[in-house]
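The following exercises concern strand pairing and burial. Please work through each task before reading its solution.

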Amino acid sequence: MAAAVAAACVLAGCGGGGGGGAAPAASAPAASTPVQTAAVTFANVSVHDPAVLKVGDTWYAFGSHLAAAKSTDLMNWTKIADGVTDANPLFSKVTTALADTFAWAQVTDLWAPDVIQLDDGKFYMYYDACKGDSPRSALGVAVADKVEGPYVSKGVFLKSGMWNEVSPDGTIYDALKHPNTVDPNTFRDAAGKLWMIYGSYSGGIFIMAMDPATGMPVAGQGYGKHLMGGNHARIEGAYVMYSPATKYYYLFTSFGGLDAAGGYNLRVARSTNPDGPYLDASGKDMADVKADPTKPLFDDASIAPYGQKLVGSHQFALAAGETGAQLGYVSPGHNSARYEAATNQYFLIFHTRFPGQGEYHEVRVHEMFINDDGWPVAAPLRYVPLSKSATTISPTVTSADVAGAYKMVNHGKDISATIKPSVAIRLDGSGTVSGGASGTWTHKGNNNVSIVIDGVTYSGVLSRQWNPNANAFAVTFTAQSQTGVSLWGIRTGT
């Protein structure tokens, strides 16, 4: 068993991480057109496994390898920390401060963290370390008066990978059913109760009730409650977002391997309770998502049918009149998801690699919407507020606005390194879809749209998103089927 798990973790990582790689050569900027003259700028940053919180008007992203960055607009980021060294400002001499963590995990690196501000006003960082060739991991918490630190450790409270020894639930540790104690996300439910969801590969995703006064788990839970995964299924990076509009808790996870060839993709399930059960739109319980133990490690075929797939590897071709690099992502994953009550907006924040750029990765932010079926769907282009337009643009997309030529990506449901290419389609004024896909479309009011392709209905949302290849805001759609397949479309002309 130890050898098998070692092979699993070596090939796919134990819950996060991944080096930034060399930065790619700069691509040609999109040519300017007279359609829009507002300046739209981005300052990109490499933070793997970004856990995001907002403090005042500033967004912070904390990630693996003790990296952190901040932004006031979700477009331009400044890195404020990186590297597990004593020079990192998030801790005072981290190698000493977390010596017990490194001793257990037998490494000197840190994996995907999470930071939350609790009722005492202090900031609690849930940190973790993983050996990397087995699920031998340690998860602890550190506290700071300011979000940028320095953080002081309160100690490790969960461990995994203790071969042939008693685990926190009182039984002998078994990686097929017990968690790898990494990838924490701590959140409050609608009633204010504090929870922590965590886990990667191994026995899957678990959830624990937390004490908001101490930031520690409520005593007597062992590893907590199992929610998803097992038998080394490639599932990790759990994150929970509550929507006050739908009254659902949405559980986001990443399926597949995090590297460029791993097929990482983002999926979501939902529940009316913070601790589950979480179901997909077909009614499948995520607790049943497990790899087949009779098959080789990384049995992706057994888990691929589960969950609503939001985004995977894809690339949009350049349409007539467009310039610049073709937009696309490779192995997008390990996200945060946030609801902003003040603006009634949902955001999906994740890291991604890019076509032809190896393991180099950056943070991306996309707006999300809730479709008619109560499921989050992600905009096909990175977030730029409409206020960046040189002229006033209405957020309302009418039926007349929709008709035209589009490039569309079908994200499918597979877990694969294959980059899904866009196809050219047309949504005409009579309600038909033609070109690279055929079917019908119906404007349902309030920016909602229904698209039927090959007899499959996709419930979607219309919006205007910044298309850098056209240097303009374009009408887009994002739609999802009951079977969990997402379509992304960008209008390219009349």
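**Exercise 1: Hairpins**

Task: In the hairpin of strand 6 and strand 7, determine which residue takes a positive phi.

Solution: Six residues lie between strand 6 and strand 7 in this hairpin, and G132 takes a positive phi near 105 degrees. The model examined here is predicted. Turn next to the hairpin of strand 5 and strand 6, which has five residues between its strands; there G121 takes a positive phi near 85 degrees.

**Exercise 2: Pairing and sheet order**

Task: Establish the order of the strands in the open sheet, and identify the strands that stand at its edges.

Solution: Begin with strand 6 (residues 123-130) and strand 7 (residues 137-144), which pair in the antiparallel sense over eight bridges. Within this pair, Y124 stands opposite V143, and D128 has L139 as its bridge partner. Strand 5 and strand 6 are also antiparallel, over four bridges, with V115 opposite M125. The four strands form an open antiparallel sheet in the order 5-6-7-8. Strand 5 (114-117) and strand 8 (152-160) each have a single partner strand, so one side of each is left without a neighbour in the sheet. From one strand to the next, the twist averages 20 degrees.

**Exercise 3: Burial of strand 6**

Task: Are the residues on the two faces of strand 6 buried or exposed?

Solution: Apply the cut-off for buried, under 20% relative accessible area. On one side, F123, M125, Y127 and A129 are buried; on the other, Y124, Y126, D128 and C130 are buried. Eight of the eight residues of strand 6 are thus buried, so this strand is largely enclosed by the rest of the structure.

Technical notes:
Residues numbered from 1 in each chain as written. Predicted model: local features only at pLDDT ≥ 70, side-chain atom pairs only at ≥ 80, totals over all residues. Heavy atoms only, no water. Pairing = 2+ DSSP bridges. Axes fitted to C-alpha atoms, helices over the stretch in contact; angles between N-to-C directions. Buried < 20%, exposed > 50% of the residue type's maximum accessible area, 1.4 Å probe, protein only.
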